[in-house]
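Work through the exercises below with the coordinates open. Each task is followed by a solution in steps.

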Amino acid sequence: MSHYNVDYGQMTDTEKHEKAIADCKEYLGESRFNYLCEQIRLVSDMKLEELRLSLCLVGIEGYPVTAIFNHCFPENKGV
């Protein structure tokens, strides 16, 4: 996130995903996180790099962007 760095390196893929989502919910607040995900899902052809650029404007960078992408588009999981 914008004001701190989180090391997800010593976690399993599932733990890493869950921790990143929890961190984003904490950072944005539950209702803003849910609203963000609703809006992201409206863009069904969104690419990860487009989301990465958009989220950096609100201070979310690195692995949490991938976690949000996979959370919103589970059919693309593993991107």
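The model is predicted.

**Exercise 1. Find the ring that Lys-16 lies over, and describe the surroundings of that ring.**

Step 1. Lys-16 sits over the face of Tyr-63, 4.7 Å from the ring centre.

Step 2. Tyr-63 has a relative accessible area of 22% and is partly exposed, because buried requires a value under 20%.

Step 3. The structure contains two aromatic pairs. Tyr-63 forms one of them with Tyr-8, at 5.7 Å centre to centre and 55° between the planes, a tilted arrangement.

Step 4. This pair links distant parts of the chain: Tyr-8 belongs to the segment before α1 and Tyr-63 to helix α4, 55 residues apart. Tyr-8 is buried, at 8% relative accessible area.

**Exercise 2. Classify the pair formed by the rings of Phe-69 and Phe-73.**

Step 1. The ring centres are 5.2 Å apart, and pairing requires centres within 6.5 Å.

Step 2. The planes of Phe-69 and Phe-73 meet at 55°, so the pair is tilted.

Step 3. For burial, Phe-69 has 3% relative accessibility and counts as buried; Phe-73, at 3%, is buried as well.

**Exercise 3. Determine how the buried residues of helix α2 are arranged.**

Step 1. Helix α2 covers residues 30-42, 13 residues in total, and spans 19 Å from first to last C-alpha, close to the expected 18 Å.

Step 2. Its buried residues are Phe-33, Cys-37 and Ile-40. Viewed down the axis of α2, the buried residues fall within an arc of 65°, so they line one face of the helix.

Step 3. The general reason is that an α-helix has 3.6 residues a turn, so residues three or four places apart point the same way.

Step 4. The other side of α2 has Ser-31, Arg-32, Tyr-35 and Leu-42 exposed.

Step 5. The cover over the buried residues of α2 includes α1 (13-28), α3 and α4 (63-72).

**Exercise 4. Explain why Cys-24 and Cys-37 are not bonded through their sulfurs.**

Step 1. A search of the whole structure returns zero disulfides; the cut-off is a sulfur separation within 2.5 Å.

Step 2. For Cys-24, the closest cysteine sulfur is that of Cys-37, at 8.5 Å, which is too far for a bond.

Step 3. For Cys-37, the closest cysteine sulfur is that of Cys-72, at 3.6 Å, again too far for a bond.

Step 4. Cys-24 is buried at 0% relative accessible area, and Cys-37 counts as buried at 2%.

Methods: Residues numbered from 1 in each chain as written. Predicted model: local features only at pLDDT ≥ 70, side-chain atom pairs only at ≥ 80, totals over all residues. Heavy atoms only, no water. Helix = DSSP H or I, 4+ residues; strand = E, 2+ residues; numbered from the N terminus. Expected span 1.5 Å × (residues − 1). Buried < 20%, exposed > 50% of the residue type's maximum accessible area, 1.4 Å probe, protein only. Arc of directions from axis to C-beta. Contact = heavy atoms within 4.5 Å. Phe/Tyr/Trp six-rings, centres within 6.5 Å; stacked < 30°, edge-to-face > 60°. Lys NZ or Arg CZ within 6 Å of the ring centre and 35° of its normal.
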